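Me: I would like to go through this structure by question and answer. Please show the sequence and the model before we start.

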Amino acid sequence: MKKIVSLFMIVLMIVVFVGCGKGNETKTDNSDTTKKDTSQTDKKDKSNEKATVIRIAYTLSPESHYHKGLEKFKELVEEKTNNQIDVQLFHSAQLGSERDAIEGVSMGTLEATLSSTGPLANFSKKFMLFDLPFIIQDRTTAFEALDGQLGSDMLSSLDSKGIRGLGFWENGFRMLTNSNRPVNSPEDVKGLKIRLMENPVHMETFKALGAQPVPMPFGELFTALQQKTVDGQENPLVIIDTSKFYEVQDNLAITGHFYSPAVFMINKDFFNGLAPELQDAINEAESEARTWQRDYCIDLEEKLVETLKSKGMEITYPDKKAFQEATQSVYDKFKDEIGEDLINQLLNK
Ligand code: EAX
């Protein structure tokens, strides 16, 4: 009986093995035929074979405003180039921190990144202009400056680092959250351990408020909040929502202390090496996706306070003037490094 069973098992195995082999052969045959058929007729497929890949790295989640805007960019650029460009998106710091990504773009080991201006102070000091507290208080002023001469001078300052700045997208007005107490005045910030971007102006601003600033890459932030290594953090509402900070932070203060633009950067040599029509397509797609992404953020922001309230956050609206006065000394500290001219230009003085 045992022998019969073993024999049956062996026969079964042979049948399965041969069966699988045949299945694979058939599959290969099929795809070969498809390839032969389409290679003469489907131009789209042909161009895809030689597509130039643009990898874009960023630290935010697939629910974020960065990801949504970049999906739009991908769609536009692939359509405009008939898929001669293949945009690949790497979200959630898969390829490292913002600083790593900017370094990668600078050295040419990565084609592109979308990063807030926070870590850019390490590459071009001029960018610290945008980091000054309350220097930008409304979007109209922000977009005019960023899309105008001032913005393009800023982007050109990245040239010497091997980076071409394509344009300014939106990260947003930064708001303060913490797990200790509601913040109504600068006094309430005293002593709080606040995670900040690795940016000297931001660090000084929170020092001026009497907080303990802790610089940290974004990828480590959720865990740090969860484990209470830090008491709080500051980011735009859209990030507080899409990165689920409301799960580990109870208090949200609508401070808008920094306006955080996001810079779309591409490696300069890579860009210059592309055919002119591909360069044009990238520029056009960037400009269209930028407008789309900014509108997306504006629409979203209106609903976000209610959303975060419904997710359990206690919201306060501190007097911004008090925060502005408490952080005024930061302007004096950095005015020489940034340049008073630039500061006055942005303040429209
Ligand atoms: O660029 O690190 C931060 O807090 C930034 O807002 C974020 O990485 C988006």
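**Ligand site and loop residues**

Me: How far is an oxygen atom of the ligand from a polar backbone atom of S116?

Reply: This is a predicted model, in which local features need pLDDT of at least 70 and side-chain atom pairs count only at pLDDT 80 or more, while totals for chains, interfaces and linings use all residues. Residues are numbered from 1 along each chain as its sequence is written, and side-chain values use heavy atoms, leaving out hydrogens and water. A polar contact is a pair of N or O atoms within 3.5 Å; within protein, one must be able to donate a hydrogen and the other to accept it, and residues adjacent in sequence count only if both atoms are side-chain atoms. The polar backbone atom of S116 meets the cut-off, since its distance to the ligand oxygen is 3.3 Å.

Me: What share of the ligand's accessible area does the protein cover?

Reply: Accessible areas come from the Shrake-Rupley method with a 1.4 Å probe, and for residues only the protein chains shown count as cover. On its own the ligand has 260 Å² of accessible area. The share of this covered by the protein is 99%.

Me: Which residue has a polar side-chain atom 2.7 Å from an oxygen atom of the ligand?

Reply: Y66 also places a polar side-chain atom by a ligand oxygen, at 2.8 Å. The 2.7 Å distance belongs to a side-chain atom of N235.

Me: How many residues of each class are in the shell around the ligand?

Reply: A residue is near a molecule or strand if one of its heavy atoms lies within 4 Å of it. The residues around the ligand are T59, L60, Y66, E98, S116, N171, R174, R195, M197, F218, N235 and I239. Ala, Val, Leu, Ile, Met, Phe, Trp, Tyr, Cys and Pro count as nonpolar, Asp, Glu, Lys and Arg as charged, and the others, Gly among them, as polar. By class the shell has three charged, four polar and five nonpolar residues.

Me: What is the phi of A93?

Reply: A93 lies in the loop between β2 (85-90) and α4 (98-107); helices (H or I, at least four residues) and strands (E, at least two) are DSSP runs, numbered from the N terminus. A93 counts as partly exposed because its relative accessibility is 23%, and the classes are buried under 20%, exposed over 50% and partly exposed in between (1.4 Å probe, protein chains only). Although A93 is not a glycine, its phi is positive, at about 55 degrees.

Me: Is K228 buried or exposed?

Reply: K228 sits in the loop between α8 (221-226) and β8 (232-235). Its phi is near 60 degrees, a positive value in a residue other than glycine. With a relative accessible area of 53%, K228 is exposed.

Me: What lies 2.7 Å from a polar atom of the side chain of T113?

Reply: T113 belongs to strand β3 (residues 112-116). It counts as buried because its relative accessibility is 1%. The partner of its side-chain atom, at 2.7 Å, is the backbone oxygen of A57.

Me: How far apart in space are P215 and R195, C-alpha to C-alpha?

Reply: P215 is in strand β7 (residues 212-215) and is partly exposed, with a relative accessible area of 43%. R195 is among the residues around the ligand. P215 and R195 are 20 residues apart in sequence, and their C-alpha separation is 5.7 Å.

Me: How far apart are the C-alpha atoms of Q249 and E314?

Reply: Q249 is in the loop between α9 (237-242) and β9 (251-253). Q249 is buried, at a relative accessible area of 1%. Along the chain, Q249 and E314 are 65 residues apart, while their C-alpha atoms are separated by 9.4 Å.
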